[in-house]
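This briefing introduces the surroundings of a ligand and the nonpolar interior of a protein. Please look over the sequence and the structure before reading on.

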Amino acid sequence: MNTIEPKNVSSKTPPREAPLVVVKIGGAAGIDFAPLACDAAAVIRAGQRLTIVHGGSDATNTLSQRLGREPTFITSPSGHTSRRTDRETLEIFQMACRGIVNQSLVRHLLLAGVDAVGLSGLDARLWSGPRKAAVRAIEEGRVRIIRDDYTGAVERVDPRVLHALLDNHFTPVISPPAISEALEPINVDADRAAAQTAIALGAHTLVLLSNVPGVLRSFGDEDSIIRCVLRSGIGSLDEVAQGRMKNKVLAAREALEGGVSRVIIGDARVPHPLSMALEGAGTVFA
Ligand code: ADP
């Protein structure tokens, strides 16, 4: 039988007081975990501690289609688009995030020699917040109230389980869902959950890696990247950051307001995505 021996980096793990970075890896298509995992191992060897957060949007769409269910999205009256998460979609979302994306990412990290541990926001009530009692959606020009949606937002992060792992030189890898006050799984935005996690852990940097080089002034033109945004100027991005980029900018704002020193929106598709982002490639918020 062929076996792959993991290159264990734990003998060179950073001390407990080493700087802490929270990195969120996008759930969109086209992101290769192998180079990301090798780069994460290099960052840990260089003396930083990592907590990794990921989403699962593309995996949820793919699994849903394989199960014969077309993914459905709803648009709020303010123009925000989100996944319609009824009970069955919630289960598919859980399978995709935890069963597919989380375990694949953990496996790649283990192969790169990182002692990665996968967990969801539901475990140990790590990510909790209210489930929306009603979701408003625009359908054929009219507002429809949806009451069976399992969505919400992370309002509290209990970092104890993360500290327990980090103190023992494990690298936590966190996937949605979060857990509601009534202890139901809820679909949450992973960028904003990553921001709350960085705040709760006292991380100095939050990195949001996606399938774009950063925030683009002119969407579609990768040369139009905005290099640096001061916290006083985040409001000026309201016009350029459209669609799902809005949540990343909001996450950046929340992290800075919560005491994180630096947020970087960087490219997950390059050979050394995390190292490059930490060196300032992408859009840096400070
Ligand atoms: P992920 O799943 O990787 O977290 P999202 O799909 O949630 O990423 O958000 C990134 C997407 O935001 C990009 O793929 C792009 O389609 C969209 N986007 C909208 N406006 C911008 C912009 N100004 N600059 C960059 N990306 C943008």
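The residues of the shell around the ligand divide into 7 nonpolar, 6 polar and 3 charged, where Ala, Val, Leu, Ile, Met, Phe, Trp, Tyr, Cys and Pro count as nonpolar, Asp, Glu, Lys and Arg as charged, and the others, Gly among them, as polar. The model is predicted, so local features need pLDDT of at least 70 and side-chain atom pairs pLDDT 80 or more, while totals for chains, interfaces and linings use all residues. Residues are numbered from 1 along each chain as its sequence is written, and side-chain values use heavy atoms, with hydrogens and water left out.

**Ligand surroundings**
- The ligand is surrounded by 16 residues, the closest being Lys24, Ser210, Asn211, Arg244 and Lys248, with a heavy atom within 4 Å as the criterion.
- Polar contacts (pairs of N or O atoms within 3.5 Å) link oxygen atoms of the ligand to the side chain of Lys248 at 2.5 Å, to the side chain of Asn211 at 2.8 Å and to a backbone N or O atom of Met245 at 3.5 Å.

**Nonpolar cores**
- The largest nonpolar core, a set of buried (under 20% relative accessible area, 1.4 Å probe, protein chains only) Ala, Val, Leu, Ile, Met, Phe, Trp, Tyr and Cys residues joined through side-chain atoms within 4.5 Å, has 42 residues, and Val22, Trp127 and Leu206 are among those with the most contacts inside it.
- A second, separate core of 33 residues includes Ile31, Leu36, Ala40 and Val284.
- Leu206 touches residues including Val22, Ala194, Val263 and Ile264, leaving aside residues up to four places away in sequence, where contact means heavy atoms within 4.5 Å.

Note on methods:
A polar contact is a pair of N or O atoms within 3.5 Å; within protein, one must be able to donate a hydrogen and the other to accept it, and residues adjacent in sequence count only if both atoms are side-chain atoms. Buried means under 20% relative accessible area, exposed over 50%, partly exposed in between (1.4 Å probe, protein chains only).
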